[in-house]
Amino acid sequence: MASTLSWGSACCPRPLRAGGGARNEGPRKPVEAGWVMPIILKEDVTELGKKGDLLDVKAGYYRNFLLPTGKALLVTPLLLKEMRIEEERIEAEKQRVKEEAQQLALIFQTVGAFKVKRKGGKGKQIFGTVTAQDLVDIIKAQLNRDVDKRIVSLPEIRETGEYVAELKLHPEVSAIVRLNVYAN
């Protein structure tokens with residue numbers, strides 16, 4: 001006679017649960033402190049953190065939400081090494097950009113004053129105003145450097161004379177440029 005094996009058979013006993021082995025014994029105990037997983041967020045997650053944050057989350061939250069949606073990666077030594085290399089690359093790039101801005105500021109300060117010609121009116125008055133775009137065009141013509149007009153801080157210029165403009169080349173680097181406005 002052939003016998004059919006099932007989970008209830010004597011050859012494969014079910015593991016006993018804590019509390020007597022009853023199947024429906026009520027709510028489970030909360031996850032213990034050791035059941036957290038170190039993760040790195042790949043994108044911003046509301047009420048959890050921002051992209052690149054290293055966090056400890058519960059295993060179920062990672063397994064059921066963060067992993068399937070692709071919002072986080074499990075921390076591994078290789079991943080930490082890659083992150084460190086990427087951070088060093090980003091810092092080196094930031095430093096290079098800052099050094100370029102400092103060199104450009106030095107060039108602007110050694111040039112002297114830029115000359116701006118405008119059609120003259122009565123006395124010291126000129127027709128129109130000198131704008132940031134005018135200064136950008138002069139820099140392009142004299143120094144062959146492209147400068148964005150949004151970084152130029154210029155006072156309102158409606159008369160001939162000498163003026164000072166500020167170029168915000170980098171969050172930490174500014175250049176002071178002198179302008180000589182004269183009428184022709």
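**Exercise 1. The coiled-coil span**

How far apart do the end C-alpha atoms of residues 80–107 lie, and what percentage of the span is helix or strand?

*Solution.* The model is predicted. Start with the ends: their C-alpha atoms are 41 Å apart. Next, the make-up: the span is 100% helix and 0% strand. Now turn to the record. An unreviewed UniProt entry places the feature "coiled-coil region" at residues 80–107.

**Exercise 2. Helix H2**

Compare the reach of helix H2 with the expected value, then list its buried residues and what they pack against.

*Solution.*
1. H2 covers residues 77–111, which makes 35 residues.
2. From first C-alpha to last, H2 reaches 51 Å. That is close to the 51 Å expected at 1.5 Å a residue.
3. Buried in H2 are Leu79, Met83, Ala101, Leu104, Ala105 and Phe108.
4. Their packing partners include strands E1 (36–41) and E3 (72–74). E4, helix H3 (132–143), and strands E8 (161–170) and E9 (173–183) also take part.
5. After H2 comes Gly112, with a positive phi near 100 degrees.

**Exercise 3. Arg118**

Is Arg118 buried or exposed? Locate Arg118 and find its side-chain partner.

*Solution.*
1. Arg118 sits in strand E4, residues 113–118.
2. The relative accessible area of Arg118 is 19%. Buried means under 20%. Therefore Arg118 counts as buried.
3. The side chains of Arg118 and Asp134 share a polar contact of 2.4 Å.
4. Set aside neighbours within four places in sequence. Arg118 then contacts Asp134 and others, including Ile126, Phe127, Tyr182 and Asn184.

**Exercise 4. The nonpolar cores**

Which residues of the largest nonpolar core touch the most other members, and which elements give two or more residues to this core?

*Solution.*
1. The largest nonpolar core has 25 residues.
2. Phe108, Phe114, Leu135, Leu167, Leu169 and Leu179 touch the most other members.
3. H2, E4, strand E5 (125–130), H3, E8 and E9 each give two or more residues to this core.
4. Another core lies apart from it and has seven residues, among them Ile39, Leu41, Val57 and Ala72.
5. Look at Leu167. Not counting residues up to four places away in sequence, Leu167 touches Phe108, Leu135, Ile139 and Val177, among others.
6. For background: nonpolar side chains tend to be buried together in soluble globular proteins.

**Exercise 5. A second annotated span**

Describe residues 49–76.

*Solution.* The end C-alpha atoms of residues 49–76 lie 19 Å apart. The span is 39% helix and 29% strand. The unreviewed UniProt entry gives residues 49–76 the feature "domain: Ribosomal protein L9".

Methods
Residues are numbered from 1 along each chain as its sequence is written. This is a predicted model: local features need pLDDT of at least 70, side-chain atom pairs count only at pLDDT 80 or more; totals for chains, interfaces and linings use all residues. Side-chain values use heavy atoms; hydrogens and water are left out. UniProt positions are given in the numbering used here, feature names are shortened, and annotations may be inferred rather than shown by experiment. Helices (H or I, at least four residues) and strands (E, at least two) are DSSP runs, numbered from the N terminus. Buried means under 20% relative accessible area, exposed over 50%, partly exposed in between (1.4 Å probe, protein chains only). A polar contact is a pair of N or O atoms within 3.5 Å; within protein, one must be able to donate a hydrogen and the other to accept it, and residues adjacent in sequence count only if both atoms are side-chain atoms. Contact means heavy atoms within 4.5 Å. The expected span of a helix is 1.5 Å times one less than its number of residues. A nonpolar core is a set of buried Ala, Val, Leu, Ile, Met, Phe, Trp, Tyr and Cys residues joined through side-chain atoms within 4.5 Å.
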